[in-house]
Amino acid sequence: MHEMSLAEGVLQILEENAVKQGYQRVKTVVLEIGRLSQVEVDSLRFCFDVVIKGGIADGAALEIIEVPGQAWCMQCSETVTIDTLYDPCPHCGGYQRTLTGGDAMRVKELEVE
């Protein structure tokens with residue numbers, strides 16, 4: 001269950017930025033999570049709710065934007081959307097692809113006061 005450590009990492013980012021930017025409370029956290037990032041969204045929501053209790057983000061809303069996986073197909077020279085790491089190119093059926101997106105998680109936006 002690496003989602004707990006991910007949620008703790010998000011909280012650490014919030015706390016570090018609160019010191020740097022001088023805000024007192026986080027109202028909303030917007031995360032971008034790639035479909036190929038191996039993050040279980042429901043588990044992350046649960047873990048986020050657990051780690052924020054009593055801290056700067058206590059009661060904050062968590063909004064998640066899911067980002068599709070993208071790859072560059074070397075056979076047909078197209079950028080394609082894929083659902084899993086092992087999907088073939090939807091245009092040519094080839095497997096020679098380079099992953100170009102949808103494998104990361106990042107804090108996209110914060111609403112603070």
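In which loop does Y86 lie? In this predicted model, Y86 belongs to the loop that runs between β4 (78–82) and β5 (97–101). With a relative accessible area of 67%, Y86 is exposed, and together with L85 and L99 it forms a nonpolar patch on the surface, for which the accessible area of the three residues comes to about 320 Å².

## The sheet of β4, β3 and β5

The two strands that flank the loop of Y86 also take part in an open sheet of 3 strands, whose order is β4-β3-β5 and whose pairing is antiparallel. β4 and β5 are the edge strands of this sheet, each of them pairing on one side only. From one strand to the next, the twist averages 35°. Strand β3 (residues 69–73) runs antiparallel to β5 and is joined to that strand by 4 bridges; as one example of the register, Q70 has G101 in β5 as its bridge partner.

## The sheet of β2, β1 and β6

A further open sheet, also of 3 strands, has the order β2-β1-β6, and here the pairing is mixed. Because β2 (61–67) and β6 stand at the edges with a single partner strand each, one side of each of these strands is left without a neighbour in the sheet. Neighbouring strands of the sheet are turned against each other by 20° on average, when direction is ignored. Between β1 and β6, which run antiparallel, there are 7 bridges, and within this pairing I33 stands opposite M105 in β6.

Helices pack on this sheet as well. Helix α1 touches β1 and β6, and its direction makes about 45° with that of β6. Helix α2 (residues 41–51) touches β1, β2 and β6, and the direction of α2 makes about 155° with that of β2.

## Salt bridges around β1 and β6

The model contains 5 salt bridges, among them the following three, which involve β1, β6 and the segments beside them.

| Salt bridge | Distance, N to O | Separation in sequence |
|---|---|---|
| R25 and E113 | 3.2 Å | 88 residues |
| K27 and E111 | 3.7 Å | 84 residues |
| K27 and E113 | 3.9 Å | 86 residues |

The side chains of R25 and E113 meet at 3.2 Å, N to O. Since R25 lies in the loop between α1 (3–21) and β1 (26–34), while E113 lies in the segment after β6 (105–112), this pair ties together parts that are 88 residues apart in sequence. R25 is partly exposed, its relative accessible area being 32%, and E113 likewise counts as partly exposed, at 49%.

The side chains of K27 and E111 form a salt bridge of 3.7 Å, N to O. K27 lies in strand β1 and E111 in strand β6, so the contact between them links parts that are 84 residues apart in sequence. K27 is partly exposed at 31% relative accessibility, and E111 is partly exposed at 40%.

K27 also forms a salt bridge with E113, at 3.9 Å, N to O. Because K27 lies in strand β1 and E113 in the segment after β6, this pair connects parts that are 86 residues apart in sequence. Through the partners that these salt bridges share, R25, K27, E111 and E113 are joined into one network.

Conventions. Residues numbered from 1 in each chain as written. Predicted model: local features only at pLDDT ≥ 70, side-chain atom pairs only at ≥ 80, totals over all residues. Heavy atoms only, no water. Salt bridge = Lys/Arg side-chain N within 4 Å of Asp/Glu carboxyl O. Buried < 20%, exposed > 50% of the residue type's maximum accessible area, 1.4 Å probe, protein only. Patch = residues over 30% accessible without salt bridge, like charges linked within 9 Å, V, L, I, M, F, W, Y side chains within 5 Å. Areas by Shrake-Rupley, 256 points an atom, 1.4 Å probe, with all protein chains shown as cover. Pairing = 2+ DSSP bridges. Axes fitted to C-alpha atoms, helices over the stretch in contact; angles between N-to-C directions. Contact = heavy atoms within 4.5 Å.
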